[in-house]
Structures are given as C-alpha cells and as structure tokens.
Amino acid sequence: YVKTVGRTTKTSVPGIFAAGDVSDSVYRQAITSAGSGAAAALDAERWLSEEGLGNEAAEFEAELLAELLNDGIGSGKEEAYNAYEGAGGRMEGMKESLGAEL
C-alpha cells in the first residue's frame, strides 16, 4: 500500500497522488476506487495549478482567440449570420419548431 497524508490522496512526493486499492486497505472495492480516483484527479489538478503548470490546450486556445480578434475577425463588421436565410428569410428570429407549426 501507498501511505497518504491523512484522509487525502497526497503522498510524501510532491505531485504524486494515490487512489484506489493501493491506498485503501479496508474497502478495496471498485466503487470506492472510482471515487478515490476522482479525488486524486482533483488533487492533481489543484497541484498542477498551484505549480503554474496546467492546461496548455486552454492557453493555446486563448492565444488563438486573441489573435483572431486582433485580426478583425468577429469585429462585427461582417454581415450577421442568419440560420433561417435558407428558408427565404420569412422565419427570421423564429424557432424552427414554430415555423413547422405555421
């Protein structure tokens, strides 16, 4: 078994978390392990955030969005998109279900 700090999933090694059968000598059941795994995932996410590490994909997405906005895309200068235009424009602002009833 891996010894954890109190009733947490933290171990004595920073950034290493234990869950499930390796840390639970009493229950060792699948459902308990699943819950323990979720707790370890949350602890790991919190630790990564505190260490300044984390979601590079979200950072990339934010940078890309900022770049697109700086290039004028989404500035409102383009003509507004109308999803109902293919219906002859008569359904502007109406939900599709309402149009079917008419």
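One salt bridge: that is the count for this structure. Keep in mind that the model is predicted. I'll start with that pair and work outwards.

Which residues form the salt bridge? Asp 43 and Arg 46 do, and their closest N and O atoms sit 3.3 Å apart. The cut-off here is 4 Å between a side-chain nitrogen of Lys or Arg and a carboxyl oxygen of Asp or Glu, so a distance of 3.3 Å qualifies. The general idea is familiar. Side chains of opposite charge can pair when their charged atoms come close.

Now, where are the two partners along the chain? Both are in helix 1, which covers residues 30-50. They are 3 residues apart, so about one helical turn separates them.

Is Asp 43 buried or exposed? Asp 43 counts as buried, because its relative accessibility is 15%. The limit for buried is under 20%. Arg 46 is another case. Its relative accessibility is 48%, so Arg 46 counts as partly exposed. The exposed class begins over 50%.

Stay with Asp 43 for a moment. Its side chain has another polar partner. That is the side chain of Thr 9, at 2.3 Å. What else does Asp 43 touch, once residues up to four places away in sequence are set aside? The list is Thr 9, Lys 10 and Phe 17. So much for Asp 43 in helix 1.

Two more residues from that helix. Ala 39 is in helix 1. Ala 39 has 32% relative accessibility and therefore counts as partly exposed. Look at its distance to Thr 8. The two are 31 residues apart in sequence, yet 8.1 Å apart in space, C-alpha to C-alpha.

Glu 45 is also in helix 1. At 53% relative accessibility, Glu 45 counts as exposed. How far is Glu 45 from Asn 55? In sequence, 10 residues; in space, 9.4 Å from C-alpha to C-alpha.

Next, the segment before helix 1. Thr 4 lies there. The side chain of Thr 4 reaches the backbone oxygen of Thr 8, at 3.4 Å. Beyond four places in sequence, Thr 4 touches Thr 9, Lys 10, Ala 18 and Ser 23. Thr 9 and Lys 10 should sound familiar. Asp 43 touches both of them.

Ile 16 is in the segment before helix 1 too. Its relative accessibility is 46%, so Ile 16 counts as partly exposed. Which residues does Ile 16 contact, leaving aside neighbours within four places in sequence? They are Thr 9, Lys 10 and Thr 11. From Ile 16 to Thr 4 there are 12 residues in sequence and 9.9 Å in space, C-alpha to C-alpha.

On to helix 2, residues 56-70. There is a nonpolar patch on the surface, of about 270 Å². Which residues make this patch? Phe 60, Leu 64 and Leu 68 do. Take Leu 68, which is found in helix 2. Its relative accessibility comes to 34%, so Leu 68 counts as partly exposed. Membership in a patch needs over 30%.

Let me step back to the chain. How many helices and strands does the protein chain have? It has 3 helices and 0 strands. From the N terminus on, the order is α-α-α.

How much of the chain is buried? Of the 102 residues, 12% are buried. The exposed area is about 8400 Å², and carbon and sulfur atoms supply 55% of that. Now the contacts. Take those between residues at least 6 apart in sequence. Of these, 21% join residues at least 24 apart.

Last, confidence. The average pLDDT for the protein chain is 75, and 68% of the residues score at least 70. Where is confidence lowest, and where is it highest? The low point is helix 3, residues 96-101, with a mean of 54. The high point is helix 1, at 86.

That brings us back to the start. The helix with the highest confidence is helix 1, and Asp 43 and Arg 46 are both in helix 1. Their salt bridge is the one to look at on the screen, with its closest N and O atoms 3.3 Å apart. Then follow the side chain of Asp 43 across to the side chain of Thr 9, at 2.3 Å.

Technical notes. Residues numbered from 1 in each chain as written. Predicted model: local features only at pLDDT ≥ 70, side-chain atom pairs only at ≥ 80, totals over all residues. Heavy atoms only, no water. Patch = residues over 30% accessible without salt bridge, like charges linked within 9 Å, V, L, I, M, F, W, Y side chains within 5 Å. Areas by Shrake-Rupley, 256 points an atom, 1.4 Å probe, with all protein chains shown as cover. Helix = DSSP H or I, 4+ residues; strand = E, 2+ residues; numbered from the N terminus. Buried < 20%, exposed > 50% of the residue type's maximum accessible area, 1.4 Å probe, protein only. Polar contact = N/O pair within 3.5 Å; in protein donor to acceptor, adjacent residues only side chain to side chain. Contact = heavy atoms within 4.5 Å. pLDDT = per-residue confidence, 0-100.
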